[in-house]
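Subject: Structure for your review

Dear colleague,

I am handing over the structure we spoke about, and below it I have written up what was found in it. Please read the notes with the structure open beside you.

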Amino acid sequence: MRIGILGAGGMADALGTQWAGAGHEIMISGRDAAATAARAARSGFRAGSWAEAAAFGEVVVVAVREAGLVDVLTACGGALRGKPLVDVTNAADPSAYDPARSPALLIGRLSGGHVVKAFNLCNVDVWRMTPPVFGGRPLAVPLCGDDPAALAAARTLVSVLGCTPLDGGGLARVTQLEATAAFMIGLWFGGADAQAVLPPLEQSGTHGVRPGA
């Protein structure tokens, strides 16, 4: 699979390295063309402009800071329209997350692509683990999206890491996933073990029926 990554920071490097190791072709893009080319050379990636990475990818991963989203998506032109887009971004300030300013929904509106939210609940170093396993269990990665082909591509990218893809619902629930990240990041910043917040499955009540269904 050809994967274009909008971004050349830690997330692009961590995820791209794992995917490249599994045989996928990677092109990254960043604000500093020289630095991006150097990082690509070290990692065995290709480097290109925002528009070139967008055109290259059969699936495109959005891994830029929230403040730069509009400029980056504008620079991509129409290259993202109709494509599977995996959004890994979080709010710049988790304590001020505003569901009315959802990064995932903004990406969908500006790009015309099929957005799947994923990979936003963990620190970048988790994605460098091969594989991410905690307490003997592979890490589960929730996905929120509407398009079947985009979800299938995202599941492949999750599985390549040795993780378990989870159906998190459609884009109507994407703000819940983003808010979960904002809340948990706030706990981690405070030094809390956020994983201890939730009970194991067998103590979590009735299963198989969504609340309100």
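A cavity here is a set of grid points where a 1.4 Å probe fits but cannot get out, and a residue is counted in the lining when it has an atom within 4 Å of such a point. Please keep in mind throughout that this is a predicted model.

The cavity

When the whole structure is searched, one cavity of 30 Å³ or more is found, and the space in this largest cavity comes to about 50 Å³. Its lining is made up of Thr-89, Asn-90, Ala-91, Pro-94, Tyr-97, Pro-103, Lys-117, Glu-178, Ala-181, Ala-182 and Ile-185. Helix α7, which covers residues 174-189, supplies the largest share of that lining, with four residues. Sorted by character, the lining holds seven nonpolar residues, together with two polar and two charged ones.

The sheet

Turning to the strands, eight of them form an open sheet with mixed pairing, and their order is β3-β2-β1-β4-β5-β6-β9-β10. The edges are β3 (46-47) and β10 (164-167), each of which pairs on one side only.

Strand β1 (residues 2-6) deserves a closer look in your viewer. Four of its five residues are buried, so β1 is largely enclosed by the rest of the structure; buried means under 20% relative accessible area. With strand β2 (residues 25-29), β1 pairs in the parallel sense over five bridges, and Leu-6 has Ser-29 of β2 as its bridge partner. Between these two strands the chain passes through helix α1 (residues 10-21), and the resulting β-α-β crossover is right-handed. β1 also runs parallel to strand β4 (residues 59-62), to which four bridges join it, and there Ile-3 stands opposite Val-59.

A residue in helix α1

Is Gln-18, which has a relative accessibility of 15%, buried or exposed? This residue, placed in helix α1, counts as buried, because its 15% relative accessibility falls under the 20% cut-off. A polar atom of the Gln-18 side chain lies 3.5 Å from the backbone oxygen of Arg-128, and you may wish to display that pair when you look at the helix.

With best wishes,
A colleague

Definitions and conventions. Residues numbered from 1 in each chain as written. Predicted model: local features only at pLDDT ≥ 70, side-chain atom pairs only at ≥ 80, totals over all residues. Heavy atoms only, no water. 1 Å grid on protein atoms, 1.4 Å probe; cavity = no way out; pocket = protein on both sides within 12 Å on 5 of 7 lines; lining within 4 Å. Points joined across faces, edges and corners; volume = space filled by probe spheres on them. Nonpolar A, V, L, I, M, F, W, Y, C, P; charged D, E, K, R; others polar. Buried < 20%, exposed > 50% of the residue type's maximum accessible area, 1.4 Å probe, protein only. Pairing = 2+ DSSP bridges. Right-handed = clockwise from strand over helix to strand, strands pointing away. Polar contact = N/O pair within 3.5 Å; in protein donor to acceptor, adjacent residues only side chain to side chain.
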